[in-house]
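Me: I want to check the labels used for this model. Please give me the reasoning behind each one.

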Amino acid sequence: MARAVLAGDVRAAARLMRDAEDDVAGAREALRVLYAHTGRARLLGVTGAPGVGKSTLVDRLVERLRAAGRTVGVVAVDPSSPFTGGAILGDRVRMQRHSGDRGVYIRSMATRGALGGLARATMDVVRVLDAMGFDDVLVETVGVGQDEVDVSRIADAVLVVLVPGLGDEVQSLKAGILEIADVFVVNKSDREGADRVVQELNGAMSLGSGARADRPSFVPAIVKTVASRGEGVDALVGAVDAFLAAGEGWAAGAARRRAQAEVQAVVEAEVRAQVAARLADGQVLDDLVARRRDPWTVAAEILAEARARA
């Protein structure tokens with residue numbers, strides 16, 4: 001399967017992505033083989049609150065990147081229902097016009113309960129696209145609010161999308177969103193209040209709100225777009241290119257953060273699986289509900305079992 005993916009076999013890639021999402025036996029071994037062949041694609045994260053036009057913006061970015069001769073993979077994460085576990089996965093529908101382009105591959109994923117705006121297997125899918133030879137991989141987060149910071153751990157450049165008219169724009173920049181932005185995109189900028197969003201962004205950054213220890217002097221670019229009409233997208237691509245060119249000095253740090261996040265994600269997935277298996281024993285849950293046992297003791301037992309197996 002890994003050899004087929006490296007040869008650009010789309011069916012093999014789709015199967016491996018599905019198997020990685022479902023944690024099917026054999027998928028991990030194929031991913032191990034592919035890992036040495038990754039690290040070449042540019043990973044661009046697109047995040048922001050619901051309704052800011054992320055999908056439309058990604059669609060326009062794909063259009064511009066393809067016009068420049070670059071191949072593009074898209075990983076679009078949609079929320080899962082907390083009741084049924086299902087998801088609409090509507091991004092393939094929104095980007096249907098690229099379906100006949102062999103230089104574009106679009107994969108929709110459900111969060112399946114994962115937090116932080118990404119699905120558990122997002123990085124596995126990104127690796128597959130990277131190994132297939134795509135020049136750029138765009139990761140669109142789920143759009144759940146202010147806690148979508150996981151994308152900053154896997155992307156070379158993070159685009160934070162805002163729109164005017166959603167209330168207090170500065171409030172929307174709290175809880176880490178300001179700090180993860182490499183480029184701010186003020187989308188739907190034909191609306192009243194777009195200039196105010198730009199002013200508030202500049203004001204927040206002048207106070208050092210977006211400063212990071214690894215690049216204290218860096219100031220993210222602010223680009224105004226109207227994605228529905230394709231306006232400002234060329235300027236956005238230019239801002240991303242400029243950021244990546246200027247960011248060579250801190251690229252090594254970003255690669256180290258990504259490596260750390262990848263290991264952490266694998267460990268967390270293993271622990272979650274062990275917890276689920278242990279709690280499948282109805283007696284454990286009955287004991288917890290009846291207060292005959294406590295969560296800390298059960299957790300300690302699960303960790304002890306994991307260490308013993310390791």
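Reply: Start with a definition. Two strands pair if DSSP finds at least two bridges between them. Keep in mind that this is a predicted model.

Me: What makes β6 and β7 a pair, then?

Reply: Strand β6, residues 183–186, and β7 are joined over four bridges, in the parallel sense. The criterion asks for at least two bridges. Therefore β6 and β7 count as paired. Within this pairing, Val 185 stands opposite Val 223 in β7.

Me: Which sheet do these strands belong to, and in what order do its strands run?

Reply: An open sheet of seven strands, ordered β3-β2-β4-β1-β5-β6-β7, with parallel pairing. 

Me: Why are β3 and β7 called edge strands?

Reply: Each of them pairs on one side only. Strand β3 spans 104–110 and β7 spans 221–224. Neighbouring strands of the sheet are turned by 20° against each other on average, direction ignored.

Me: Which helix packs on the sheet and touches β5, β6 and β7?

Reply: Helix α8, residues 194–206. Its direction makes about 175° with that of β7. Angles over 145 degrees count as roughly antiparallel, so α8 is roughly antiparallel to β7.

Me: Why is α4 called roughly perpendicular to α9?

Reply: Helix α4 (residues 54–67) and helix α9 (residues 233–246) pack at about 75°, with axes 10 Å apart. The roughly perpendicular range is 65 to 115 degrees. The angle falls inside it, so the label holds.

Me: Which residues make that contact, and what is their character?

Reply: From α4 come Leu 57, Arg 60, Leu 61, Arg 64 and Leu 65. They meet Val 233, Asp 234, Leu 236 and Val 237 in α9. The contact divides into six nonpolar, no polar and three charged residues.

Me: How do you know that Arg 278 and Glu 305 form a salt bridge?

Reply: Their closest N and O atoms are 3.5 Å apart. The cut-off is 4 Å, so the pair qualifies. Arg 278 sits in helix α10 (residues 248–279) and Glu 305 in helix α12 (residues 295–309), 27 residues apart. The pair thus links distant parts of the chain. Glu 305 is partly exposed, at 33% relative accessibility.

Me: What else does Arg 278 bind by a salt bridge?

Reply: Asp 281, at 3.8 Å from N to O. That is within 4 Å, so this pair passes too. Asp 281 has 36% relative accessibility and counts as partly exposed. Arg 278, Asp 281, Arg 293, Glu 301 and Glu 305 are linked in a network of salt bridges. The structure holds 24 salt bridges.

Me: Arg 292 and Asp 287 also form one. Why does one partner count as exposed and the other as buried?

Reply: Exposed means over 50%, buried under 20%. Arg 292 has 55% relative accessibility, so it is exposed. Asp 287 has 11%, so Asp 287 is buried. The closest N and O atoms of this salt bridge are 2.8 Å apart. Arg 292 lies in the loop between α11 (282–289) and α12.

Me: Why is helix α6 described as largely enclosed?

Reply: Eleven of the eleven residues of α6, residues 122–132, are buried, so the rest of the structure largely encloses this helix. Charged residues are among them, including Asp 124, Arg 127 and Asp 130. Gly 133 follows α6, with a positive phi near 105°.

Definitions and conventions. Residues are numbered from 1 along each chain as its sequence is written. This is a predicted model: local features need pLDDT of at least 70, side-chain atom pairs count only at pLDDT 80 or more; totals for chains, interfaces and linings use all residues. Side-chain values use heavy atoms; hydrogens and water are left out. Helices (H or I, at least four residues) and strands (E, at least two) are DSSP runs, numbered from the N terminus. Axes are lines fitted to C-alpha atoms, for helices over the stretch in contact, and angles run from 0 to 180 degrees between N-to-C directions. Contact means heavy atoms within 4.5 Å. Angles under 35 degrees count as roughly parallel, over 145 as roughly antiparallel, 65 to 115 as roughly perpendicular and the rest as oblique. A salt bridge is a side-chain nitrogen of Lys or Arg within 4 Å of a carboxyl oxygen of Asp or Glu. Buried means under 20% relative accessible area, exposed over 50%, partly exposed in between (1.4 Å probe, protein chains only).
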